[in-house]
Amino acid sequence: MDIKSMKNYLYWLYCQFELVTCSYLMEPWEKLLFYTFNITMLVMVLYMAYVFVPVHISTAFHFFFHLFGNQHENTVSIVK
């Protein structure tokens, strides 16, 4: 894929985004507020997913391991 077709594809995606969100009807200052709000929400969701999802998955694994009777990780097995 060459640069020109990639540029056209990205422009097409942007036009689709404007059609779906109806932002093509907004004035420039409204678009700025709308895009700023959306980008801020997206960044916050991605940050929260990065910070909290691994903790919740780890907690769920520990819960299910304990539920099914596996040993805790702090128990010491004696091997001779």
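**Disulfides and cysteines.** I began by searching the whole structure, which is a predicted model, for disulfides, and the search found zero. For my own reference, I noted that a disulfide is a covalent bond between the sulfur atoms of two cysteines. I then looked up how open two of the cysteines are: Cys15 has a relative accessibility of 24% and so counts as partly exposed, and Cys22, at 40%, also counts as partly exposed.

**Cys22 and its backbone.** Where does Cys22 lie? I found Cys22 in the loop between helix 1 and helix 2, just after helix 1. Its phi is positive, about 60 degrees, although Cys22 is not a glycine. I wrote this down because most residues other than glycine have a negative phi.

**Helix 1.** I next checked the length of helix 1, whose 19 residues should span 27 Å at 1.5 Å a residue, and the end C-alpha atoms are indeed 27 Å apart, so the expected span and the model agree.

**The salt bridge.** How many salt bridges does a search of the whole structure find? I found one, in which the side chains of Glu18 and Lys31 meet at 2.9 Å, N to O. The pair links distant parts of the chain, since Glu18 belongs to helix 1 (residues 3-21) and Lys31 to helix 2 (residues 28-67), with their positions 13 residues apart in the numbering. As general background, side chains of opposite charge can pair when their charged atoms come close.

**Around Glu18.** Is Glu18 buried or exposed? I looked up its relative accessibility, which is 10%, and because this is under the 20% cut-off, Glu18 counts as buried. The side chain of Glu18 is also joined to that of Tyr14 by a polar contact of 2.6 Å. I recalled here that an α-helix has 3.6 residues a turn, so residues three or four places apart point the same way. Leaving aside residues up to four places away in sequence, I listed what Glu18 touches: Ser23, Tyr24, Lys31 and Tyr35. Lys31 in that list is the partner of Glu18 in the salt bridge.

**The annotated stretch.** Last, I consulted the UniProt record, an unreviewed entry, which places the feature "transmembrane region" at residues 32-53; this annotation may be inferred rather than shown by experiment. In the model, I found the chain over residues 32-53 to be 100% helix and 0% strand, and the C-alpha atoms at the ends of this stretch are 31 Å apart.

Key:
Residues numbered from 1 in each chain as written. Predicted model: local features only at pLDDT ≥ 70, side-chain atom pairs only at ≥ 80, totals over all residues. Heavy atoms only, no water. Salt bridge = Lys/Arg side-chain N within 4 Å of Asp/Glu carboxyl O. Helix = DSSP H or I, 4+ residues; strand = E, 2+ residues; numbered from the N terminus. Buried < 20%, exposed > 50% of the residue type's maximum accessible area, 1.4 Å probe, protein only. Expected span 1.5 Å × (residues − 1). Polar contact = N/O pair within 3.5 Å; in protein donor to acceptor, adjacent residues only side chain to side chain. Contact = heavy atoms within 4.5 Å. Disulfide = S-S within 2.5 Å.
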